Amino acid sequence: MSELDELYREFEKIIIHEDPLLVAGIMMAQALKIYKAVLPEKDFLMITEHILKSRLDIEEFEKPTLN
């Protein structure tokens, strides 16, 4: 399992019992803050423009089943 997969699984464990809308809002805000902090302004604008333009292509998240 890759480091990315492990991080994804750990994050999934933390958020599984939380309100999905609150989690999504926090994730989006943090992602944008990170992009803004580490990317040059031109790249930040390019990535946020891409996010905006691709918003209709985003697939619905598969809700995990609780066993």
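## Salt bridges, starting in helix H1

A salt bridge here is a side-chain nitrogen of Lys or Arg within 4 Å of a carboxyl oxygen of Asp or Glu. By that rule, Glu 12 and Arg 9 pair up through their side chains, with 3.5 Å from N to O. Because Glu 12 and Arg 9 sit three residues apart in helix H1 (residues 3-15), about one helical turn separates them. Before going further: this is a predicted model, in which local features need pLDDT of at least 70, side-chain atom pairs count only at pLDDT 80 or more, and totals for chains, interfaces and linings use all residues. Residues are numbered from 1 along each chain as its sequence is written, and side-chain values use heavy atoms, with hydrogens and water left out.

How many salt bridges does the structure hold? There are three. Lys 13 and Glu 10 make one of them, at 3.3 Å from N to O; they too are three residues apart in helix H1, so about one helical turn lies between them. Glu 41 and Lys 36 form another, at 3.1 Å from N to O.

## How exposed the partners are

For single residues, buried means under 20% relative accessible area, exposed means over 50%, and partly exposed is in between (1.4 Å probe, protein chains only). Glu 12 comes out partly exposed at 24%, and its partner Arg 9 is partly exposed at 40%. Lys 13 counts as exposed, with 57% relative accessibility, while Glu 10 is partly exposed at 42%.

The remaining pair looks like this: Glu 41 is partly exposed at 43%, and Lys 36 is partly exposed at 42%.

## The fold at a glance

Helices (H or I, at least four residues) and strands (E, at least two) are DSSP runs, numbered from the N terminus. On that basis the chain has three helices and zero strands, in the order α-α-α from the N terminus on.

The C-alpha trace spans about 45 × 30 × 25 Å along its principal axes. The chain's radius of gyration is 14 Å, whereas a compact globule of 67 residues would be near 11 Å; the value is taken over C-alpha atoms, and the globule rule is 2.2 Å times the number of residues to the power 0.38. For a feel of distances inside the chain, take Asp 5 and Asp 19: they are 14 residues apart in sequence and 22 Å apart in space, C-alpha to C-alpha. Asp 5 belongs to helix H1 and is partly exposed, at 36% relative accessible area.

## Surface and charge

Buried residues make up just 4% of the 67 in the chain. The accessible surface comes to about 6600 Å², and 63% of that belongs to carbon and sulfur atoms. These areas come from the Shrake-Rupley method with a 1.4 Å probe; for residues, only the protein chains shown count as cover.

Which residues make the nonpolar surface patch of about 250 Å²? Met 28, Leu 32 and Ile 51 do. Patches use residues with over 30% relative accessible area and no salt bridge, joining like charges within 9 Å and nonpolar side chains (Val, Leu, Ile, Met, Phe, Trp, Tyr) within 5 Å. Met 28 is in helix H2 (residues 20-38) and is exposed, at 53%.

As for charge, the chain carries 8 positive and 14 negative charges, and their mean positions are 7 Å apart. Lys and Arg count as positive and Asp and Glu as negative, with His and the chain ends not counted. Each charge is placed at NZ of Lys, CZ of Arg, CG of Asp or CD of Glu.
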